[in-house]
Amino acid sequence: MTLLDQLGFFIPGIIVAMLVALIGGLLSPLVVLKRLAFVGQGVSHAAFGGVGLAAVLGFGSTRGIDSVARTLIVTAFSIGSGLLVSHLAQRTQRRTDTAIGIVMTASMALGFVLYRLAGKHARESGAGPLPSIEGVLFGELLAISPAGAWTTAGVTALIAALLFWFRRPLVLWAFDEQACAPAGLNTARIATTLLVLLAGAVVLAVQVAGVVLATAILVLPGATALRLTRSLVPAFALSTLIAAATIAAGIVLSVWLDWPPGATIALTQCAAWVVAAVATGWKR
Amino acid sequence: MPEHAVQLDRVSFAYPARGLRDQPVQALRDISMAVPVGSRLGVLGPNGGGKSTLVKLILGLIEPDTGSITVLGTTPADARRRGLIGYLPQRLTAELDFPISVRQAVAMPLALRAGRFRLRDRAAETAADESLALVGMTDLANRPIGALSGGQLQRAMIARAIATRPRLLVLDEPTVGVDAAGQHRFADLINKLHAELGITIITVSHDLRAIAAGSDRVACLHRSVHFHDAPSGLTPAILAEVFAHDVQAVFGHLHIDAHAAADCDDPTHAPPTTEQAAGSGCCNHHDPKKEGNA
């Protein structure tokens, strides 16, 4: 079987990966400039709670209509986790990183317990095993179905539209939060908007790189682009190109070397950052 | 056109208790004040005296518990939304790693008014250039925002505050950490903006020099208004009442004279800050050489 034949199995996965590259690439410079990498990490880990919840509700499969329901449940859970982080950070005088730590660990633990319970129930009822937990943690590109790809396309279009609509308030908020209120903007609403967009993007990225490595797609393209350009608009364009190129290269390498796709994509993106860092001088 | 830029009528505000055992903190009590359009008001008071709360009320970020506030004939929140208020915050919190030019930073709030589908707002960029010209930064318009010095950054932020052509400019502790010469330059800039734009300016500070150098009227604030008149009426006794210290006894040998400060154009003759006057123990003997090196 040739490399092209092997890549054929990946077609729904490749479509999803390119859509994820688009959203990750557009959000990534904001995540880096506003120092939200840990927030992204927290929300992606919290998504595991959503995977567990979907499994317990009977939508553990990544095939057919189950995959659509699963994606929607995980999206809702991730957005809920993001809003909970925002609420804890604002209302209880706690630091955002503490709030993320609390929500992240609670969601991960809950997700693991629920996934085990759902797996046990599925075995006992003869419904067949759930997808491996390794796939959830590190990505399951091969398991993405055409229905999953369509759902991803819909969520991508929605996130891209919202990102375009709110681009100016989001950029002002990321540059200088203090300037938002005098400019007539509701600071908390903008922060929540970005959190919701980030949660949506994380859910998409989780399909490609898993809950553990999804942050790579939200951080590394922007970090790499910002080393190569010092202008804002080109940074967004470059970040999207880098995300697409590194994800495509990661998929090809994973087939060629028989490495796990999610991990290979994350390593490819890290390698691109290292190359950019060396080319532009480490201290910059 | 309203007669007053800001009018406060018996305004009180208390911050709610944080814990079950805490009491609400009364920040302002029964404040009444009117700021005529086109005037320059300096609000002087100690830390914790309610100055920042007053700023938040004028900006419409919080609502008074009792009393009413109008800003340019409307509610503060409406005035803020309509871009009638320019604001220079006490601490500049902008992310200076942001890959944008000074012009882009100044144009950002203006660009919010552009159509959602317009990719580039040239009107905002033109207005930003005009604001930068007013603060004397035309030659730095294309420089990255992170490459500015502290003083240049403050001027850029003033340009941003006036870019929407507000009719009221609120400056919150604008000279904190600025040396005497820098304060003098800042006062010159504010006076120039006042003369050229005819804008109402409210400067909030604990620093007598910042207030006296560019105010038609001074309001001394420590939870309530202790004095509201021309700077020439300010006496050490009033300062002592506001700052809860015998200012003359502590700094009498430094010849504190608010009258002189109000008329003085030479920064090396400026009196110490009122925070120093409040007897924090950090008595700064007036040494021009030392200030020059600060």
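Reader: Why is A:Arg35 called exposed?
Author: A:Arg35 has a relative accessible area of 56%. Exposed means over 50%, buried under 20%, and partly exposed in between (1.4 Å probe, protein chains only). The value of A:Arg35 is therefore in the exposed class. This is a predicted model, in which local features need pLDDT of at least 70, side-chain atom pairs count only at pLDDT 80 or more, and totals for chains, interfaces and linings use all residues. Residues are numbered from 1 along each chain as its sequence is written, chains are lettered from A and ligands numbered from 1 in the order in which they are written, and side-chain values use heavy atoms, with hydrogens and water left out.

Reader: Where is A:Arg35 found, and what is its phi?
Author: A:Arg35 is in the loop between α2 (11-33) and α3 of chain A. Helices here are DSSP runs (H or I, at least four residues), strands likewise (E, at least two), numbered from the N terminus. Phi of A:Arg35 is near 60°, a positive value, and the residue is not a glycine. Most residues other than glycine have a negative phi.

Reader: What makes B:Asp30 partly exposed?
Author: Its relative accessible area is 37%. That is between the two cut-offs, so B:Asp30 is partly exposed. B:Asp30 lies in strand β2 (residues 25-36) of chain B. Its phi is positive too, about 55°, although B:Asp30 is not a glycine.

Reader: How do you know that A:Thr264 is buried?
Author: A:Thr264 has a relative accessible area of 1%, so it falls in the buried class. A:Thr264 lies in helix α11 (residues 261-280) of chain A. Leaving aside neighbours within four places in sequence, A:Thr264 is in contact (heavy atoms within 4.5 Å) with A:Gly250, A:Leu253, A:Ser254 and A:Trp259.

Reader: How do you know that the span of helix α7 of chain A agrees with its 20 residues?
Author: The expected span is 1.5 Å times one less than the number of residues. For α7(A), residues 146-165, that gives 28 Å. The end C-alpha atoms are 29 Å apart, which agrees.

Reader: Which residues of α7(A) are buried?
Author: A:Gly148, A:Ala149, A:Thr151, A:Thr152, A:Val155, A:Thr156, A:Ile159 and A:Leu163 are buried. They cover an arc of only 155° around the axis, so they are on the same side of α7(A). The arc is taken from the directions from the helix axis to the C-beta atoms. On the other side of α7(A), A:Pro146, A:Trp150 and A:Leu158 are exposed.

Reader: What puts the buried residues of α4(B) on the same side?
Author: The buried residues are B:Ala124, B:Ala127, B:Ala128, B:Ser131, B:Leu132 and B:Leu134. They cover an arc of only 150°, which puts them on the same side of α4(B). They pack against α3 (102-111), α5 (150-162) and α6 (180-197) of chain B. The span of α4(B) agrees as well: its 13 residues (122-134) should span 18 Å, and the end C-alpha atoms are 19 Å apart. Just after α4(B), B:Gly136 takes a positive phi of about 70°.

Reader: How many cavities of 30 Å³ or more does the structure hold, and what makes a space a cavity?
Author: The structure holds 2. On a 1 Å grid over the protein atoms alone, a cavity is a set of points where a 1.4 Å probe fits but cannot get out; a pocket is an open set with protein on both sides within 12 Å along at least five of seven lines; lining residues have an atom within 4 Å of a point. The second largest cavity has a volume (the space filled by probe spheres set on grid points joined across faces, edges and corners) of about 40 Å³.

Reader: What lines the second largest cavity?
Author: The lining includes A:Val39, A:Ser81 and A:Met104. α3(A) gives the most, with 4 residues. By class, the lining has 7 nonpolar, 3 polar and no charged residues. Nonpolar covers Ala, Val, Leu, Ile, Met, Phe, Trp, Tyr, Cys and Pro; charged covers Asp, Glu, Lys and Arg; the others, Gly among them, are polar.

Reader: Which residues are closest to the centre of the largest pocket?
Author: The largest pocket holds about 1,700 Å³ of space. Of its 43 lining residues, A:Gln90, A:Trp173, A:Glu177, A:Thr187 and A:Ala188 are closest to its centre. α9(A) gives the most to this lining, with 6 residues. The lining divides into 23 nonpolar, 10 polar and 10 charged residues.
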